[in-house]
Amino acid sequence: MSAGECGLLLIRLTFGLLIAGHGAQKLFGIFGGPGLAATGRGFDALGYHPGKVFAVIGGLSELAGGLGLAVGLFTPLAAAAVIGVMINAMATVSGAHGLWIQNGGVEYSVAICVVAFALAAIGPGRLSVDRFFPWRSDGWPAAAVALGLGGIGAAIALSI
């Protein structure tokens, strides 16, 4: 097993599980998170109505997308889920505050999008569940699927 494969696994596990944990905070109130009712109120305040429905969509996107990236399953779709949520976060929460996170800016969300996009482009590697299936989930087509579906999902959520 190469150092590159181990490094890719480490990135997928760390990144994916942290994103999944963020979704679990929204959905279940674990890991110090607000839970579904409070997250729904927050989404209502951002203009997503009904807030609880959008909280479920956002939380499930982070949970499923993060877990998918962590184990390397349906990697482009998992990346799309994460990218879509982060585009919405940038458009509704952090976009008006500039780039840097200390001002509430988009820095963190951009970094998450880039890592998710890169994982789709690189592929999950040999140490992944996708390895056991006949589809190929890396390269420019996979990256385009991740960015395209993430962008379409975000646009739909923002237009409702």
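## Exercises on a six-helix predicted model

Ser61 is located in helix H3, which covers residues 51-71; helices (H or I, at least four residues) and strands (E, at least two) are DSSP runs, numbered from the N terminus. The structure is a predicted model, in which local features need pLDDT of at least 70, side-chain atom pairs count only at pLDDT 80 or more, and totals for chains, interfaces and linings use all residues. Residues are numbered from 1 along each chain as its sequence is written, and side-chain values use heavy atoms, with hydrogens and water left out.

### Exercise 1. Ser61 and Gly59 in helix H3

Task: Determine whether Ser61 is buried or exposed, and state which residues Ser61 touches beyond four places in sequence.

Solution. Step one takes the accessibility classes: buried means under 20% relative accessible area, exposed over 50%, and partly exposed in between (1.4 Å probe, protein chains only). The relative accessible area of Ser61 is 19%, so Ser61 is buried. Step two takes the contacts, where contact means heavy atoms within 4.5 Å. With residues up to four places away in sequence not counted, Ser61 touches Gly66, Ala81 and Val85.

Step three turns to Gly59, which is also placed in helix H3. Its relative accessibility is 0%, and Gly59 therefore counts as buried. Once neighbours within four places in sequence are left aside, the contacts of Gly59 are Gly23, Lys26 and Leu27. Gly59 and Ile87, by contrast, are 28 residues apart in sequence and 14 Å apart in space, C-alpha to C-alpha.

### Exercise 2. Helix H1 and its end

Task: Test whether the span of helix H1 agrees with the number of its residues, and identify the residue that follows H1.

Solution. The expected span of a helix is 1.5 Å times one less than its number of residues. Helix H1 (residues 3-28) has 26 residues and should therefore span 38 Å; its end C-alpha atoms are 36 Å apart, which agrees. After H1 comes Gly29, with a positive phi near 70°.

Within helix H1 lies Gly21. Gly21 counts as buried because its relative accessibility is 14%. Gly21 and Glu62 are 41 residues apart in sequence, yet their C-alpha atoms are 8.0 Å apart in space.

### Exercise 3. Backbone geometry in the loops

Task: Which residues other than glycine have a positive phi, and which peptide bond is cis?

Solution. The background is that most residues other than glycine have a negative phi, and most peptide bonds are trans. Phe31 is not a glycine but has a positive phi of about 55°. Phe31 belongs to the loop between H1 and H2, and its relative accessible area of 63% makes Phe31 exposed.

Phe74 likewise has a positive phi, near 50°. Phe74 sits in the loop between H3 and helix H4 (75-94), and Phe74 is partly exposed, with a relative accessible area of 41%.

For the peptide bond, the link from His49 to Pro50 is cis, with omega near -5°. Pro50 is placed in the loop between helix H2 (35-45) and H3.

### Exercise 4. Gly95 between H4 and H5

Task: Where does Gly95 lie, and with which residues is Gly95 in contact beyond four places in sequence?

Solution. Gly95 lies in the loop between H4 and helix H5 (107-122). Its relative accessible area is 42%, so Gly95 is partly exposed. Apart from neighbours within four places in sequence, Gly95 contacts Met90 and Val106. The C-alpha atoms of Gly95 and Ala121 are separated by 25 Å, with their positions 26 residues apart along the chain.

### Exercise 5. The protein as a whole

Task: Determine how many helices and strands the protein has, and whether its radius of gyration agrees with that of a compact globule.

Solution. The protein has six helices and zero strands, in the order α-α-α-α-α-α along the sequence. The radius of gyration is taken over C-alpha atoms, and the globule rule is 2.2 Å times the number of residues to the power 0.38. For 160 residues, a compact globule would have a radius of gyration near 15 Å; the protein has 16 Å, which agrees. Along the principal axes, the C-alpha atoms fill a box of roughly 50 × 30 × 30 Å.

Of the 160 residues, 41% count as buried. Among contacts between residues at least 6 apart in sequence, 61% join residues at least 24 apart.
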